Amino acid sequence: MADFVGAIDQGTTSTRFMIFDHAGREVGKHQLEHQQILPQAGWVEHNPLEIWERTQTVIGSALAGAGLRASDLDSIGVTNQRETTIVWDRHTGRPYANALVWQDTRTAPIASALDADGRGAVIRSKAGLPPAPYFSGGKLQWLLENVDGLRAAAERGDALFGTPDTWVIWNLTGGPDGGRHVTDVTNASRTMLMDLQTLAWDDELLGFFGVPRAMLPEILPSSDPDRYAVSAVPGNANWGGALRICGAVGDQQAATVGQVCFAPGEAKNTYGTGNFMLINTGSEIVRSQAGLLTTVAYQLGDAPAVYALEGSIAVTGSAVQWLRDQLGIISGASEIEALAASVPDSGGMYFVPAFSGLFAPYWRSDARGAIVGLSRFNTNAHLARATLEAICYQTKDVADAMVQDVASSGVDFDLRTLKVDGGVTANALAMQIQADILGVEVSKPVVAETTALGAAYAAGLATGFWSSTEELRANWREDRRWSPQWSDAQREQGYAGWRKAVSRTLDWVD
């Protein structure tokens, strides 16, 4: 039996390959960023061919760095940025256009039209999602309407659609030469095209967006020993053999698995490009009344699907990236902690990074970013601290909505400790601010990159590398904990200012 499991983590800003042992410890990793293509305000694109090239490179480099070969891996899982939309030619593997990234807002008119004529209510009922530019269905419609020749190719069956998991797996398993065109239930649940109850593509929803069924991948469980297939990449002899793909799961659901949130009422918050809080609701589909999303958490083999409520926030870690790349306030993300810690507070400044509109719980595509409360006293250090506070205030927005939704659902949820993971958790000041703003304990695991770990767990559960979810629970270990230090009055005053700042971002785009 091989001693390790691997995971491809195809994220918004980078792609990595990670290798884990049976205890869930990292034994190898390589990561590469890819270009963020910004053709105009509100448009965010990626080059799918660059992503595929990066994927091959990080696999080979991680294996070589760990002194391992593909044959040392029991299996691999794939996790990915979820709603990002790619279309390509099944015969050549060439994309018809750049990928439309989940942050892209060009489809706001499509979403507005769906709500205006009543189709939005059907989407909410069947897919569990509000019509929003965030999701794949509108992006796919836009591509079909705006890329020359794409609709005709789609109707002939020559054009394929997929989120990055589908794109990577198709290429890994042969591409034009028999590549598997598949996705999993978690990624499919983010398209506005899948019925949550049947876990199948829905003809009525496809009709809303004008999507030919022939474009769509087969929907599989998140964890499956046979149906994802093995890698067939030319030159993969450099890896020391083929890679057995046994799982796929969208990035935030993967983090839920990595944080071993397997019981109803267990929740986690991931801090990456955006923030994403999920609570496991078990086999029950809980309809949100407070601006959250109803989604599939995971499906392990032939077991019934497990569902979740999710609060999705578009811009958190990417706001730090904006300070680095657009403003030049810092030269690296790690510098923000020291800069923000050089002042005791944000000096009355609030920064609402609504670059892609506001996601949960507001769902306002008309919003845009704003910095408010400025005086001549403020410095770049205050802006750095306001950026960290914005990450944490947006989490409070979602946490409050989650408490409200779950209260009427019968799911037992008491937010006394927030499990956190993702890149921003390396910033101790940010995590202390999060504890202060929420007024609860914040707990970080030893393996903070739980997205990749969750994809590895999905694959390893399929093969028996791990025998059960209870075995995975035994792997979870706390690294650090933060306790709140603010008074209730500080917390209430700070949040009131935040809500006032949010109101200033609304109705900006007509």
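This passage describes the strands, pockets and cavities of a predicted model.

An open sheet of five strands is present, with the order β3-β2-β1-β5-β13 and mixed pairing. In general, the strands of a sheet pair through backbone hydrogen bonds, either parallel or antiparallel. The edges of this sheet are occupied by β3 (26-33) and β13 (245-250); each has a single partner strand, so one side of each is left without a neighbour in the sheet. From one strand to the next, the twist averages 15°. At the β13 edge, strand β5 (residues 73-80) and β13 run parallel and are joined by five bridges. Within this pair of strands, G77 stands opposite G247 in β13. Helix α9 (residues 251-258) lies across β5 and β13, and its direction makes an angle of about 110° with β13.

Another set of paired strands is centred on β15 (residues 275-282), in which eight of eight residues are buried. Both faces of β15 are covered. On one side the buried residues are N275, M277, I279 and T281, and on the other they are F276, L278, N280 and G282. Strand β15 is joined to β14 by five bridges, and the two strands run antiparallel. The connection between β14 and β15 is a hairpin of three residues. One residue of this pairing is N269, whose bridge partner in β15 is M277. Strand β15 is also joined to strand β17 (residues 306-313), through seven bridges and again in an antiparallel arrangement. Here N280 has A308 in β17 as its bridge partner. Two of the residues named on the covered faces of β15, M277 and N280, thus reappear in these pairings, M277 with N269 and N280 with A308.

The largest pocket holds about 940 Å³ of space. Its lining consists of 44 residues, of which T13, Y271, G272, T273 and G423 lie nearest the centre of the pocket. Several elements supply at least two lining residues each: β1 (4-10), β2 (14-20), β3, α9, β14 (267-271), α10 (317-327), α11 (335-341) and α14. Elements of the five-stranded sheet, including β1, β2 and β3, therefore appear in this list together with helices such as α9 and α10. The largest share, five residues, comes from α10. By class, the lining of the largest pocket divides into 11 nonpolar, 22 polar and 11 charged residues.

The second largest pocket has a volume of about 600 Å³. It is lined by 23 residues, and those nearest its centre are L38, V44, W322, Q326 and F355. Helix α10 gives the most to this lining as well, with six residues. The lining of the second largest pocket contains seven nonpolar, 12 polar and four charged residues.A search of the whole structure also finds two cavities of 30 Å³ or more. About 100 Å³ of space lies in the largest cavity. This cavity is lined by 14 residues, and V447, L453, N475, W476 and R477 lie nearest its centre. The elements giving two or more residues to this lining are α14 (450-463) and α15 (469-475). The largest share, three residues, comes from α14. In the lining of the largest cavity, nine residues are nonpolar, four are polar and one is charged.

The second largest cavity encloses about 50 Å³ of space. Its lining is formed by I313, A314, L358, F359, A360, Y362, Q394 and D397. Of these residues, six are nonpolar, one is polar and one is charged.

A single loop residue, G179, was also examined. G179 lies in the loop between α6 (164-172) and β9 (182-184). Its relative accessibility is 17%, and because buried means under 20%, G179 counts as buried. When residues up to four places away in sequence are not counted, G179 touches W170, T173 and G174. The C-alpha atoms of G179 and K29 are separated by 26 Å, and these two residues are 150 residues apart along the chain.

Technical notes. Residues numbered from 1 in each chain as written. Predicted model: local features only at pLDDT ≥ 70, side-chain atom pairs only at ≥ 80, totals over all residues. Heavy atoms only, no water. 1 Å grid on protein atoms, 1.4 Å probe; cavity = no way out; pocket = protein on both sides within 12 Å on 5 of 7 lines; lining within 4 Å. Points joined across faces, edges and corners; volume = space filled by probe spheres on them. Helix = DSSP H or I, 4+ residues; strand = E, 2+ residues; numbered from the N terminus. Nonpolar A, V, L, I, M, F, W, Y, C, P; charged D, E, K, R; others polar. Pairing = 2+ DSSP bridges. Axes fitted to C-alpha atoms, helices over the stretch in contact; angles between N-to-C directions. Contact = heavy atoms within 4.5 Å. Buried < 20%, exposed > 50% of the residue type's maximum accessible area, 1.4 Å probe, protein only.
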